[in-house]
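User: I've got a structure here and a few things I'd like to sort out about it. Can you walk me through them?

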Amino acid sequence: MPIPPLVEPAPSIPDDERLRAARQIRLPEIGDAGQRRLANAKVCVIGAGGLGSPVLLYLASAGVGVVGIVDDDDVDTSNLQRQIVFGVDDVGRPKATVAAERVRTLSPRTQVIEHRLRLTADNAAELFAPYDLVIDGSDSFDTRYAVADACAEVGLPLVWGSVLRFDAQATVFWSAPPAGAPITLRDVFPAPPPAGEVPNCAEAGVLGALCGQLGGILVTEAVKLICGVGEPLLNRMLVLDALGARIDEVPIGPAAAGAQIGRVRVDDSETITRATLLDVRNTDEVARGSLPGAQHVPLDEVLADAASVPVGEVTVVYCQLGPRSRAAAHALAAQHPDTDVRVLLGGYAAWAERSTL
């Protein structure tokens, strides 16, 4: 389904940039307006590793105006097999710094912002605030879920990819798309797998060229979203099998993740009044306000031991906007099959807004 352009075009682009991007501007779907949208775009890239390396290079070559790089690691010799933004002489240097230097050589007019920090659930939303779009090339489940939850909370599109061994996946998660059904990481994967259940690249290995292939796909999706062209990977996931030389498409969506979870609107006072209310936000969020009578059990605790969470005949779960409550609701429904588990549409933010009217 086509969507409107994510970014307004810049008033103009310099002649040297127009010459550099001439072959891209010749594409009717991009054209002058699309190139000016790219010049006005702000994209945050999580990780400068196997996926982040090609992503950063292709964002720069596309002429994206602002590129943020989030990485707190240093270059290691074992990175060079797949992390093509680095060379032998870069070993020991900060990845974000080296990657930023490389981006500037490809696109001198691109503003590069180094975020040499470890992204967490506490700092993600604030870090993403200036950006139009996030591309996740991280390789840990903690980071992936922190990124996805923050994007879902603030409504940013998240271009998401994963690669291991000879297999890769790509999709777009967006909690507030201008068209089509919203979809988040937790709709598809409600919780990270238990520690040690899924090996990482260091344990299982990864084909370096596949990282480049997937990185190109991720940037293509970002360009499509920024310019409003083509059909983005919303509600569908590409699955790449490098050994079999196959690319398949799998439909994804909230309904596919579990239709047994009901929904409650903020004006459904009868249901809210008689239900057990469960607030799964963080402690600092609860301190700023909550629904009267709600129990507070943070999402991590719900996912760790949903069976011990007290529920009622009807239990309404809420977070700030909605993504975390859906993950909690799925976990509770699995452990409490006799309970009518529902989520509060729009979360606490919608309830608070209505309460102030």
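**Cysteines, cores and an arginine**

Analyst: Sure, starting with a cysteine: C44 is buried, with a relative accessibility of 0%. Keep in mind that this is a predicted model.

User: Which cysteine sulfur is closest to that of C44, and why is there no bond between them?

Analyst: A disulfide needs the two sulfurs within 2.5 Å. The sulfur of C44 is 8.4 Å from its closest counterpart, so that is too far for a bond. The partner that misses out is C151.

User: What about C227, and how many disulfides turn up in the whole structure?

Analyst: C227 counts as buried too, at 6% relative accessibility. Its sulfur has C44 as the closest cysteine, but at 19 Å that's too far for a bond. Searching the whole structure gives a disulfide count of 0.

User: Which helix gives the largest share of the largest nonpolar core?

Analyst: That core has 76 residues, and L59, I69, F128, V134 and I135 touch the most other members. The largest share is 11 residues, and they come from helix α10, residues 208–227.

User: Which backbone oxygens does the side chain of R236 reach?

Analyst: R236 sits in strand β7, which covers residues 236–241. Leaving out residues up to four places away in sequence, R236 touches A170, T171, E231, E249, V250, P251 and I252. For polar contacts, the R236 side chain has one backbone oxygen at 3.3 Å, that of P232, and another at 3.1 Å, that of E231.

Notes: Residues are numbered from 1 along each chain as its sequence is written. This is a predicted model: local features need pLDDT of at least 70, side-chain atom pairs count only at pLDDT 80 or more; totals for chains, interfaces and linings use all residues. Side-chain values use heavy atoms; hydrogens and water are left out. Helices (H or I, at least four residues) and strands (E, at least two) are DSSP runs, numbered from the N terminus. Contact means heavy atoms within 4.5 Å. A polar contact is a pair of N or O atoms within 3.5 Å; within protein, one must be able to donate a hydrogen and the other to accept it, and residues adjacent in sequence count only if both atoms are side-chain atoms. A nonpolar core is a set of buried Ala, Val, Leu, Ile, Met, Phe, Trp, Tyr and Cys residues joined through side-chain atoms within 4.5 Å. Buried means under 20% relative accessible area, exposed over 50%, partly exposed in between (1.4 Å probe, protein chains only).
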